[in-house]
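The following report walks through selected features of the structure shown below. It begins with the cysteines and then turns to packing and to a few individual residues.

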Number of protein chains: 2
Amino acid sequence: MTVQASSSSSDQTELLAELFAAGMLIETGVPGVYGHSDTFELIRERVAAAVGALASARGAARLTFPPVIPRRTLESTGYVGNFPHLVGSIFGFHGAEGDAVTQRERAATHEDWSEFQGQTDMMLLPAACYPVYPAVAKRGPLKSGGTFIDMGGTWVFRHEPSLDPARRQIFRQHELVRIAEPEGVIAWRREWSELALQLFRELGLRGELENASDPFFGRHGRLLAANQSADELKWELVVQIAGPKPTACASFNYHVDRFAETWGLELSDGTRAHTACVGFGQERITLALLATHGLDPQRWPAAVRTRLGLS
Amino acid sequence: MTVQASSSSSDQTELLAELFAAGMLIETGVPGVYGHSDTFELIRERVAAAVGALASARGAARLTFPPVIPRRTLESTGYVGNFPHLVGSIFGFHGAEGDAVTQRERAATHEDWSEFQGQTDMMLLPAACYPVYPAVAKRGPLKSGGTFIDMGGTWVFRHEPSLDPARRQIFRQHELVRIAEPEGVIAWRREWSELALQLFRELGLRGELENASDPFFGRHGRLLAANQSADELKWELVVQIAGPKPTACASFNYHVDRFAETWGLELSDGTRAHTACVGFGQERITLALLATHGLDPQRWPAAVRTRLGLS
């Protein structure tokens with residue numbers, strides 16, 4: 001795959017150039033894979049702390065997973081089938097000592113050495129919440145009231161090169177997960193859409209809540225997206241950053257009993273739990289703040305600086 | 001590759017089982033890929049903060065990179081050639097819509113779908129410091145005194161499945177990097193080996209500094225390791241965790257002008273800079289604390305709790 005010009009607009013590439021020039025983002029040579037300055041990270045960390053404090057005050061327990069997930073887990077969730085174009089699968093060396101010599105020679109001259117690589121039992125994590133469902137299922141039936149988990153800011157991977165600074169191939173998603181009785185899960189998703197809107201207002205961001213769908217692949221995928229949209233299973237909190245349309249900076253997803261069915265998540269009465277997750281795009285929220293208030297956080301509105309503990 | 005029984009000893013697998021039973025680590029189904037409890041993360045974060053404070057007090061500037069690196073960068077550093085057995089390369093979908101259907105069907109039944117995957121221009125980051133050398137080189141010649149960068153705790157990948165809880169396939173390495181005049185770099189590595197020994201003492205860990213070498217691959221690799229060892233280019237700070245030998249929890253690496261040559265890192269007088277890096281294995285230090293002081297941090301020695309800001 002190559003970068004498609006259609007995947008970015010001129011004000012997006014201008015913002016990217018501005019962020020590079022300011023040293024806020026650092027180029028690596030691959031679109032959508034960037035380093036971050038201390039200032040960028042500080043803003044991101046303060047947004048993460050604000051979300052974490054809201055979650056902790058509501059009883060969330062933290063669980064942290066790495067940016068790599070067993071291939072079997074993603075196969076079981078249907079991710080490989082639904083989003084083949086976004087998948088990152090991990091390959092490793094698959095040869096004898098002699099092959100390593102050939103591979104070394106080819107790599108040194110940037111020639112193709114893929115024939116010596118074989119698929120491993122791991123993949124890149126595409127959404128922060130996937131590892132938590134089998135982990136919670138293994139504990140046995142849920143207690144009344146279910147569970148609320150803060151997954152922190154985990155690196156997630158999507159294979160979609162773009163020159164839009166808000167569309168990364170690797171970025172941090174702060175996910176909150178609720179696994180409980182259906183009515184509790186539905187109310188929780190509603191509550192968090194309101195908490196997020198309120199937080200965005202306090203950060204001086206003009207956010208709007210929209211009904212949305214995931215970028216399912218192909219013809220089969222268009223049907224899945226239409227159903228998801230009709231059932232209002234995905235809401236997005238969008239903010240104008242750059243480009244013709246506002247960018248989704250948070251999402252609020254209700255899975256009904258889909259993950260409970262896959263992983264055997266049960267309530268104490270033996271019925272299936274429902275699940276929902278809320279994801280905050282940490283880089284996107286940071287970019288929204290920079291695009292809205294300017295590249296120098298010292299000059300941001302006092303109320304925003306105070307909310308983030310920057311003053 | 002399958003897990004080799006020889007890669008772990010019985011007290012290592014016992015410690016792993018104990019950490020699973022305590023909920024400190026969470027199994028995912030792949031050896032060396034684990035979730036962490038809130039307590040595990042809290043300890044890790046406090047160790048990171050202690051290292052970060054020492055670095056910041058000595059003028060380090062923070063730069064953060066993701067756990068994915070351009071393939072070209074790792075090819076240029078020689079990593080693919082030197083450590084083919086540890087490499088994680090990222091593959092993505094490489095087919096038409098019809099292939100996606102076949103891939104979906106095979107993935108759903110956990111059959112082989114690797115033929116539809118092609119190598120991308122990205123790899124998993126194997127050591128936290130690799131992205132920083134080309135990034136600093138791009139800024140132009142270094143000012144007198146060079147630069148000191150704190151890379152934070154970045155996820156790094158090594159393809160070596162093991163049942164030793166201290167040998168992960170994905171873990172966080174907190175790296176500090178110095179790029180400067182040769183004598184400054186040499187003194188800095190010495191200073192940090194002493195700072196780290198002192199920190200470990202304050203944490204109640206019995207650490208020893210050892211001359212070491214990297215796990216270079218094959219026959220060619222044995223020669224490289226012997227040279228590295230003879231030139232004392234790698235020191236490790238080892239602590240007994242579990243197993244027949246103590247575990248490297250930090251390393252202090254002097255690259256002479258190798259990275260400067262690859263990336264064109266120059267001093268203001270046009271001569272080549274030298275580079276060194278110090279890496280703290282965050283999970284290993286956390287495990288060393290748990291193995292030394294017990295699984296309940298509430299019951300750790302008061303001095304250790306105070307040093308980590310836990311009391």
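## Cysteines

In this predicted model, a search of the whole structure over all chains returns zero disulfides. Cys129(B) takes part in no disulfide, and its nearest cysteine sulfur, belonging to Cys277(B), lies 4.0 Å away; seen from the other side, Cys277(B) is likewise in no disulfide, with the sulfur of Cys129(B) as the nearest one at 4.0 Å. Because a disulfide here requires the two sulfur atoms to be within 2.5 Å, the separation of 4.0 Å leaves Cys129(B) and Cys277(B) unpaired.

Are these two cysteines buried or exposed? Cys129(B) has a relative accessible area of 5% and is therefore buried, and Cys277(B), at 3% relative accessibility, counts as buried as well.

## Nonpolar cores

The largest nonpolar core comprises 50 residues, and those with the most contacts inside it are Leu176(A), Trp192(A), Phe280(A) and Leu289(A). Chain A elements that give two or more residues to this core include helix 1 (10–21), helix 2 (38–57), strand 8 (170–180), helix 7 (182–202) and helix 10 (282–293). Helix 7 of chain A supplies the largest share, eight residues.

Beyond its neighbours within four places in sequence, Leu289(A) is in contact with Ile43(A), Val47(A), Leu203(A), Leu205(A), Gly294(A), Trp300(A), Val304(A) and Leu308(A). Apart from this core lies another, of 49 residues, among them Ala180(B), Trp188(B), Tyr254(B) and Ala288(B). As a general matter, nonpolar side chains in soluble globular proteins tend to be buried together.

## Helix packing in chain A

Helix 2 of chain A and helix 7 of chain A pack at an angle of about 145°, and their axes are 12 Å apart; the crossing of these two helices is right-handed. Which residues bring the helices together? From helix 2 of chain A, Ala50(A), Val51(A), Leu54(A) and Ala55(A) meet Trp192(A), Leu195(A) and Leu199(A) of helix 7 of chain A, and Trp192(A) is also one of the residues with the most contacts inside the largest nonpolar core.

## Met151(B) and its surroundings

Met151(B) sits in strand 7 (residues 147–157) of chain B and, at 2% relative accessibility, counts as buried. Setting aside neighbours within four places in sequence, its contacts are Leu63(B), Phe65(B), Ala128(B), Cys129(B), Val132(B), Glu175(B) and Val177(B), so that one of the two cysteines discussed above, Cys129(B), touches Met151(B) within the 4.5 Å contact limit. Val177(B) is 26 residues apart from Met151(B) in sequence, while their C-alpha atoms are 7.6 Å apart in space.

## His36(B) and Gly59(B)

His36(B) belongs to strand 2 (residues 35–37) of chain B and is buried, with a relative accessibility of 1%. The side chains of His36(B) and Arg168(B) are joined by a polar contact of 3.0 Å. Outside its neighbours within four places in sequence, the contacts of His36(B) include Leu63(A) and Thr64(A) in chain A, together with Met24(B), Leu25(B), Ile26(B), Glu41(B), Arg172(B) and Glu283(B) in chain B.

Gly59(B) lies in the loop between helix 2 (38–57) and strand 3 (61–64) of chain B and, at 52% relative accessibility, counts as exposed. Although Gly59(B) and Thr147(B) are 88 residues apart along the chain, their C-alpha atoms are separated by 8.8 Å.

Key
Residues numbered from 1 in each chain as written. Chains lettered and ligands numbered in written order. Predicted model: local features only at pLDDT ≥ 70, side-chain atom pairs only at ≥ 80, totals over all residues. Heavy atoms only, no water. Helix = DSSP H or I, 4+ residues; strand = E, 2+ residues; numbered from the N terminus. Buried < 20%, exposed > 50% of the residue type's maximum accessible area, 1.4 Å probe, protein only. Polar contact = N/O pair within 3.5 Å; in protein donor to acceptor, adjacent residues only side chain to side chain. Core = buried A, V, L, I, M, F, W, Y, C linked by side-chain atoms within 4.5 Å. Axes fitted to C-alpha atoms, helices over the stretch in contact; angles between N-to-C directions. Left-handed = near helix turned anticlockwise from the far one by under 90°.
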